[in-house]
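Visitor: I should be grateful for a close look at a single part of this structure, namely its largest pocket, together with the elements around it.

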Amino acid sequence: VAYGVRQQQAADRWASALTGGDPDRAPALMLRNGCTGCHTIPGIGAARGAVGPKLSGLADRAFIGGTLPNTPENLARWIRDSRGVNPRTAMPSTGITESEAHDIAAYLYALRGRP
């Protein structure tokens, strides 16, 4: 158990440094903004949506939304304004703040440390 906790803490620090966000703030943001209605998101029990892709393993994917290279800035951009990137995507543009998008990006990148 202690090893798992240390592994997650290391993943959270790595993701925070990478994105400038705080992964601890993301679960509430994802619940409030409806992400959990469409996506299955590890670590968030209510996130069992089947409309969008599962968000586990996002840090290891080459592309976001099938179009953007997977970088922290591109992920935050996609989270905020997916339809501005790809007007044909089913994902709605959230209109959340830049800071909130970075928090969510940090959480999604830190998933590599979660079971």
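Guide: The model shown here is a predicted one. For orientation, UniProt, in an unreviewed entry, places the feature "domain: Cytochrome c" at residues 21–112. Over residues 21–112 the chain is 41% helix and 4% strand, and the C-alpha atoms at the two ends of that stretch are 16 Å apart.

The largest pocket holds about 480 Å³ of space. Its lining consists of 24 residues, and those that lie nearest the centre are His 39, Pro 53, Leu 55, Trp 78 and Met 91. Four elements give two or more residues to this lining: α3 (35–38), β1 (63–64), α4 and α5. The largest share, three residues, comes from α4.

Trp 78, one of the residues nearest the pocket centre, belongs to helix α4. With a relative accessible area of 8%, Trp 78 is buried, because the cut-off for that class is under 20%. Beyond the residues up to four places away in sequence, Trp 78 touches Ile 64, Gly 65, Thr 67, Leu 68, Val 85, Asn 86, Thr 89 and Met 91. Met 91 is itself among the residues nearest the centre of the pocket, and Ile 64 falls in strand β1, which spans residues 63–64. The C-alpha atom of Trp 78 is separated by 17 Å from that of Ala 110, a residue 32 places away along the chain.

Gly 65, another contact of Trp 78, is found in the loop between β1 and β2 (68–69). Whereas Trp 78 is buried, Gly 65 is partly exposed, with a relative accessible area of 43%. Gly 65 and Ala 90 are 25 residues apart in sequence, and their C-alpha atoms are 9.9 Å apart in space.

Helix α3, which also contributes to the lining, covers residues 35–38, and a cysteine stands at each end of that range: Cys 35 and Cys 38. Do these two cysteines matter for the disulfide count, and what is that count? The structure holds zero disulfides. The sulfur of Cys 35 has its closest cysteine sulfur in Cys 38, at 8.4 Å, which is too far for a bond, because a disulfide requires the two sulfur atoms to be within 2.5 Å. The two cysteines also fall in separate accessibility classes: Cys 35 is buried at 17% relative accessible area, and Cys 38 is partly exposed at 29%.

Helix α5 (residues 98–110) is a further contributor to the lining. At 1.5 Å a residue, its 13 residues should span 18 Å, and the end C-alpha atoms are indeed 18 Å apart, so the expected and modelled spans agree. This helix is mostly covered, with 11 of its 13 residues buried. The buried set runs through Glu 100, Ala 101, His 102, Asp 103, Ile 104, Ala 105, Ala 106, Tyr 107, Leu 108, Tyr 109 and Ala 110. The cover over these residues includes α1 (2–19), α2 (26–32) and α4 (72–85). Helix α4 therefore appears twice in this account, as a part of the cover over α5 and as the source of the largest share of the pocket lining.

The α1 side of that cover can be followed through Ser 16, which is found in helix α1. Ser 16 counts as partly exposed, at 26% relative accessibility. Leaving aside neighbours within four places in sequence, Ser 16 is in contact with Gly 21, Asp 22, Pro 23 and Ala 106, and Ala 106 is one of the buried residues of α5. Ser 16 and Ala 101 are 85 residues apart in sequence, yet 12 Å apart in space, C-alpha to C-alpha.

Gly 20 follows in the loop between α1 and α2. Gly 20 is exposed, with a relative accessible area of 65%. Not counting residues up to four places away in sequence, Gly 20 touches Ala 15 and His 102, and His 102 is another of the buried residues of α5. The C-alpha atoms of Gly 20 and Ile 44, 24 residues apart along the chain, are separated by 21 Å.

Conventions:
Residues are numbered from 1 along each chain as its sequence is written. This is a predicted model: local features need pLDDT of at least 70, side-chain atom pairs count only at pLDDT 80 or more; totals for chains, interfaces and linings use all residues. Side-chain values use heavy atoms; hydrogens and water are left out. UniProt positions are given in the numbering used here, feature names are shortened, and annotations may be inferred rather than shown by experiment. The expected span of a helix is 1.5 Å times one less than its number of residues. Buried means under 20% relative accessible area, exposed over 50%, partly exposed in between (1.4 Å probe, protein chains only). Contact means heavy atoms within 4.5 Å. On a 1 Å grid over the protein atoms alone, a cavity is a set of points where a 1.4 Å probe fits but cannot get out, and a pocket is an open set with protein on both sides within 12 Å along at least five of seven lines; lining residues have an atom within 4 Å of a point. Grid points are joined across faces, edges and corners, and a volume is the space filled by probe spheres set on the points.
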